[in-house]
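Visitor: I would like to go through the packing of this chain. Please show the sequence and the model.

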Amino acid sequence: MSKLTKNQKLALGKIEAGKSYTLKEASALVKEITTTKFDASVDVDVRLGVDPRKANQMVRGVVSLPHGTGKQVRVLALCTPDKEAEATAAGADYVGLDEYINKIKGGWTDIDVIITMPSIMGKIGALGRVLGPRGLMPNPKSGTVTNEIGNAVKEVKQGKIDFKVDKTGIVHTSVGKVSFTPDQIRENAKEFISTLIKLKPSAAKGTYVKSIYLSSTMSPGIKIDPKSVDEN
């Protein structure tokens, strides 16, 4: 195990062992314990009481963060020519169809989100082996397969994210940057966790939200009391 740096020791010293913090406290504390020289991402990890191997306990959804993600999201709109102007006006970074499908076949994946139309999914299906492992495959459930191309691009650019429980029962996502104010971090995290709670599968028994941790890139995790999420 590698030795802790001086900054890591100082960060750990600010977190009280065994304590569960309110979301409001954690949103301020995460800024204090972050020592990176770059604008680190703020992440939330929620362990759920579900068995993701069972289809009726899969948790997946989308949420629009009130203050955005703080990240520059690169969007590719794969659409028919009549939708290209709409996608461009909404802020898509790349707009087109066959030329980008061929680029992706060649291994190009320098994008964060792909938005497309139902009529084009037949062409995109062949890209599954490239896009699937990178989490880039468009999906109607996440709003990335739609005829409302402009709206979909706009929402993603403004902070709409999609999430899915992993095979260990944990949902992990970024809810902002350390440069955000504590209130912005808290409001984004609250929106994400509240959405997660609304998506509780009827087949899930026992405690649904088992644990919540807030952290930043390379910082220790701060344990959050789930009951505090709805507090102002």
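Visitor: How are H2 and H8 oriented to each other?
Guide: The model is a predicted one. In it, the axes of H2 and H8 lie 8 Å apart, at an angle of about 125°. Angles of 65 to 115 degrees count as roughly perpendicular and those over 145 as roughly antiparallel. The angle falls in neither range, and H2 and H8 are therefore oblique to each other.

Visitor: Which hand does the crossing of H2 and H8 have?
Guide: The contact involves Leu23, Lys24, Ser27, Ala28, Val30 and Lys31 of H2, and Pro182, Ile185, Arg186, Ala189 and Lys190 of H8. By class, these are six nonpolar, one polar and four charged residues. As H2 passes H8, the crossing is right-handed.

Visitor: Which element gives the largest share of the largest nonpolar core?
Guide: That core has 36 residues, and Val44, Val46, Leu48 and Phe192 have the most contacts inside it. Elements giving two or more residues to the core include helix H2 (23-32), strand E1 (41-48) and helix H8 (182-198). The largest share is five residues, and the element that gives it is H8.

Visitor: Which residues does Phe192 touch, leaving out those up to four places away in sequence?
Guide: Phe192 is among the residues with the most contacts inside the largest nonpolar core. With those sequence neighbours left out, the residues that Phe192 touches are Val44, Val46, Val63, Leu65, Phe163, Val171, Thr173 and Val175.

Visitor: How many residues does the second core have?
Guide: This core is separate from the largest one and includes Val75, Ile114, Ile120 and Leu136. Its residue count is 30.

How values were computed
Residues are numbered from 1 along each chain as its sequence is written. This is a predicted model: local features need pLDDT of at least 70, side-chain atom pairs count only at pLDDT 80 or more; totals for chains, interfaces and linings use all residues. Side-chain values use heavy atoms; hydrogens and water are left out. A nonpolar core is a set of buried Ala, Val, Leu, Ile, Met, Phe, Trp, Tyr and Cys residues joined through side-chain atoms within 4.5 Å. Buried means under 20% relative accessible area, exposed over 50%, partly exposed in between (1.4 Å probe, protein chains only). Helices (H or I, at least four residues) and strands (E, at least two) are DSSP runs, numbered from the N terminus. Contact means heavy atoms within 4.5 Å. Axes are lines fitted to C-alpha atoms, for helices over the stretch in contact, and angles run from 0 to 180 degrees between N-to-C directions. Angles under 35 degrees count as roughly parallel, over 145 as roughly antiparallel, 65 to 115 as roughly perpendicular and the rest as oblique. A crossing is left-handed if the near helix is turned anticlockwise from the far one by less than a right angle, and right-handed if clockwise. Ala, Val, Leu, Ile, Met, Phe, Trp, Tyr, Cys and Pro count as nonpolar, Asp, Glu, Lys and Arg as charged, and the others, Gly among them, as polar.
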